[in-house]
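I wanted a quick look at who touches whom in this one, so I opened the file and kept notes as I went.

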Number of protein chains: 2
Amino acid sequence: MTLILNGQEVEPLCDMRALIDVIERGLHEEALGHAVVPPRLNLPTAGGFFRVMPAVMNDSGLMGYKVFHGSIKAGVRYLIAVYSQEGERLLALMDAHYLTAARTGATTGIATKLLANPGAKTVAVIGSGLEARTNLQAVCAVRPVERVTVFSPNPERRARFAARMGPELGVDIRAVDSAEACVRGAEIVVVATNSFGRPDPIAYRGAWMEPGVLVDAIGSTSTFLREIDADTFQRAEWIVVDSKVQAEEESGDVKAALSEGKYDRAKVADLKEVLVGNVQGRASAQQMVLFKSVGTAVQDVMAGFVVYQEAVRQGRGQDIGEFLDLKTF
Amino acid sequence: MTLILNGQEVEPLCDMRALIDVIERGLHEEALGHAVVPPRLNLPTAGGFFRVMPAVMNDSGLMGYKVFHGSIKAGVRYLIAVYSQEGERLLALMDAHYLTAARTGATTGIATKLLANPGAKTVAVIGSGLEARTNLQAVCAVRPVERVTVFSPNPERRARFAARMGPELGVDIRAVDSAEACVRGAEIVVVATNSFGRPDPIAYRGAWMEPGVLVDAIGSTSTFLREIDADTFQRAEWIVVDSKVQAEEESGDVKAALSEGKYDRAKVADLKEVLVGNVQGRASAQQMVLFKSVGTAVQDVMAGFVVYQEAVRQGRGQDIGEFLDLKTF
């Protein structure tokens with residue numbers, strides 16, 4: 001059978017702890033060299049882009065891809081396909097609008113588990129959209145968070161975020177009226193914005209970094225998207241990324257830091273290498289650390305698989321049968 | 001809406017002339033530089049492969065991909081997805097087992113229209129499987145074919161092929177008991193075999209080439225697949241391929257000719273360049289010409305689109321609605 005899962009069906013199947021666990025498993029597998037993850041294809045269309053990100057997971061016995069396409073103007077659609085190597089079966093095709101935000105959050109959760117100070121209780125969130133929600137969920141899943149501040153330029157949106165997420169996560173959330181006030185004293189800073197088109201798209205500045213902070217920045221995933229300044233990369237004493245190659249190719253923030261000479265590759269590590277202990281994480285309680293993600297196909301395929309499993313368990317989605325013939329030779 | 005089309009539904013929607021026309025349009029578009037076609041990704045899995053082939057067609061306003069995966073041992077499944085750039089919609093997901101053979105045939109049809117002598121009436125087919133059928137259909141769609149000979153090692157299979165295709169195409173088809181006898185005197189030779197695993201996988205030899213012949217060879221699309229010998233490449237006076245890069249990377253036949261020093265790039269042209277007249281086709285009635293295809297994503301996306309259109313017209317397939325959300329910014 002092949003399951004079709006639309007966006008409404010996928011969202012309630014996303015359990016943040018399950019996503020963190022499964023993506024961690026995927027990163028382990030990738031670090032061991034048992035995953036095949038080519039550079040993702042970013043194809044220009046007449047009015048936007050068509051991105052194709054496949055991955056093969058040889059320990060998990062899975063493979064699949066995410067395809068997303070569109071433009072900032074017209075909007076974007078996301079599809080994740082998950083296959084099992086056993087029987088060469090297409091397990092599921094799912095809308096990945098919410099899941100992309102959830103797996104990005106889960107990856108931030110893994111980074112935060114590895115890189116934030118263990119007792120971190122205070123979090124600042126810059127941004128109030130879907131990614132801000134999923135990233136905060138993930139941070140709260142891995143640290144004993146008690147107090148959260150949130151800033152986004154629209155007062156109503158930040159108030160709504162606080163009102164929604166406080167009860168959901170059982171933490172005290174306060175909306176504040178400037179980014180600088182938001183991050184002051186926070187042990188973990190989540191930057192998850194969509195500042196495209198604003199006169200000044202920079203939402204977080206390196207000048208604000210305080211000793212011991214972990215900054216999780218996830219918004220700049222295309223060359224034209226910005227949210228943290230080059231000083232953040234310069235002031236960070238250790239930088240962890242989810243893909244060294246893609247970060248440099250795809251993130252406008254990383255590109256800006258590179259062109260300003262503020263991206264020192266000697267202090268950049270890969271998340272999966274930190275996870276398996278090949279490379280150090282945080283060196284001291286006082287170290288200022290930056291985690292910058294752009295998203296990888298490993299995250300998508302593993303996240304899609306756990307959603308598929310949960311859908312089967314709960315009997316959700318539309319079963320369209322095995323619509324792909326097996327051609328034998 | 002998104003249409004799901006299984007293999008049984010796709011086959012009767014494949015009209016060879018419509019496929020030839022639409023793929024020709026795609027090749028034109030590609031030759032003009034209005035298509036984006038990255039090298040296809042060929043990812044190893046634990047027991048086989050996972051191939052991902054996307055293409056963006058900016059004149060047609062389409063994009064999509066084919067994914068096929070599996071192994072010779074376990075079998076292979078094929079999926080084609082077609083999207084419209086307008087509205088960023090996923091139009092259809094379809095089984096592409098038959099369609100892959102049909103679009104390969106259609107591409108051979110385009111090559112044959114450009115490269116065979118205009119009055120060619122005699123065709124030899126080596127092979128009796130699905131690709132042998134679709135390639136012969138295509139050749140008969142572009143030339144006034146009257147007599148066909150067919151050879152494959154299994155007498156029953158070649159007899160069945162003749163009995164089936166003769167009435168279907170309205171031509172005289174005779175099964176013969178050797179490849180050499182099959183091709184003798186034929187103006188067009190179609191080599192469409194699956195000789196994997198045989199002691200001698202070579203099904204056609206350059207020694208058999210006669211003045212004026214066009215050889216269409218389509219079976220060697222992976223490095224481990226062979227069907228024509230290196231001498232065929234050496235004796236051919238002009239060679240046309242559907243993708244110069246992919247032919248050298250993916251075809252075991254081309255690789256063998258390269259390693260034996262019998263693949264002279266100076267006499268190799270790209271089908272789309274011949275189609276638009278940038279490069280010559282056949283130079284004389286006596287010239288011996290070889291067309292070698294490996295398949296491209298342009299062929300898949302354009303073929304998938306015409307099948308989608310026909311499905312809509314005939315009301316076929318399963319409409320699963322617009323299951324991909326449009327995320328706006």
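My notes below go from the contact between the chains to the domains of one chain.

Entry 1. I reminded myself that this is a predicted model.

Entry 2. I looked up the contact between the two chains and got 45 residues from chain A and 45 residues from chain B. For the chain B side, I checked which elements supply at least two residues each, and I noted the strands β3 (41-44), β4 (49-57), β5 (62-71), β6 (75-84) and β7 (89-95) of chain B. Which of them gives the most? That is β6(B), with 6 residues. I also sorted the chain B side by residue class: 27 nonpolar, 13 polar and 5 charged.

Entry 3. Next I pulled up the domain assignment of chain A. Domain 1 covers 3-99 + 297-319, and domain 2 covers 104-292. I took the centres of these two domains of chain A over C-alpha atoms and found 23 Å between them.

Entry 4. Then I went to where the domains of chain A meet. Here 17 residues of domain 2 are in contact with 15 residues of domain 1. On the domain 1 side, the elements of chain A with at least two residues each are α2 (16-31) and α11 (297-314). How many residues come from α2(A)? I got 10, the largest share of that side of domain 1. By class, the domain 1 side that touches domain 2 in chain A splits into 9 nonpolar, 4 charged and 2 polar residues.

Methods: Residues are numbered from 1 along each chain as its sequence is written. Chains are lettered from A and ligands numbered from 1 in the order in which they are written. This is a predicted model: local features need pLDDT of at least 70, side-chain atom pairs count only at pLDDT 80 or more; totals for chains, interfaces and linings use all residues. Two residues are in contact if their C-beta atoms, placed from the backbone, lie within 7 Å. Helices (H or I, at least four residues) and strands (E, at least two) are DSSP runs, numbered from the N terminus. Ala, Val, Leu, Ile, Met, Phe, Trp, Tyr, Cys and Pro count as nonpolar, Asp, Glu, Lys and Arg as charged, and the others, Gly among them, as polar. Domain bounds come from an automatic or database domain assignment.
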